[in-house]
Amino acid sequence: MLAPYTQKTSFDLDTVLVRTGDEFKLVYFPLSGAIAFLVEMSDGRIVASTLMGSEGAVGALSVPSPSRSPVTATAYVLGAALQVPVSQLQLAYEQSDTIRRVLRLHLRTQLLQLNNAAACNAVHPVECRMARWLLEIHDHTAESGIQLTHEALAQLLGVRRTTVTLTMGRLQAAGGVLSDRRGMLDIDRRRLEKIACECYAVMRHRIKRMYDKELVAA
């Protein structure tokens, strides 16, 4: 049904898939890499609300109800995705129970991640949150190291770059980050998992359980 309209595309680090206010023309289903959803505040600061990998879809909200993007979707980890025109996916959504189930699953996953990020930002210390983000990004990269700037970490954490530098120093002292070389981070996953807040393990478990249940139902 969708095969003739589906195209594989790759995206580099910092590739913008859609900007705030743009009309959705394509829906992206990541195969690898990770996309950050960025919100621009009135004072010009940019904050990441969540990170989306192969468990989700960029633009899925526009399928059941046509809309413009409330965020800017930017690649934080290079990778690839399947892109489908919104118009074709809307037709398939109306005709196929399977496609409706898959898109609803993606939307539930996104809502779960957004709710968890809001709660995590409210109650957990910045060191624990940075460890969580580093682990999540590492989950989506094929390399042993993480290519990530302090500016990107500031957006993920909602803090100033000076706070990122200080927090990175504490993670290095604890052995969670082994080196910080101009945007390339080497990490010790075992130690970072001990530092990270509970959200990292909880979210991995919840998303896996959601997908396992849906696959069984299919």
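**Strand pairing and helix packing**

Reader: How many bridges join β3 to strand β7?
Author: This is a predicted model, where local features need pLDDT of at least 70, side-chain atom pairs count only at pLDDT 80 or more, and totals for chains, interfaces and linings use all residues. Residues are numbered from 1 along each chain as its sequence is written, and side-chain values use heavy atoms, leaving out hydrogens and water. Strands (E, at least two residues) and helices (H or I, at least four) are DSSP runs numbered from the N terminus. β3 and β7 (residues 79-85) run antiparallel, and the number of bridges is 5.

Reader: Which strands stand at the edges of the sheet?
Author: Good one to trace by eye! Pairing takes at least two DSSP bridges, and the 3 strands form an open, antiparallel sheet in the order β1-β7-β3. Each edge strand has a single partner, so one side lacks a neighbour in the sheet; these strands are β1 (7-11) and β3 (26-30).

Reader: At what angle do the axes of α3 and α5 cross?
Author: Axes are lines fitted to C-alpha atoms, for helices over the stretch in contact, and angles between N-to-C directions run from 0 to 180 degrees. The axes of α3 (residues 126-139) and α5 (residues 161-173) come within 10 Å and cross at roughly 80°.

Reader: Which residues in α5 do those of α3 meet?
Author: Contact means heavy atoms within 4.5 Å. On the α3 side are Val126, Glu127, Met130, Ala131 and Leu134. Their partners in α5 are Thr163, Val164, Thr167, Met168, Arg170 and Leu171.
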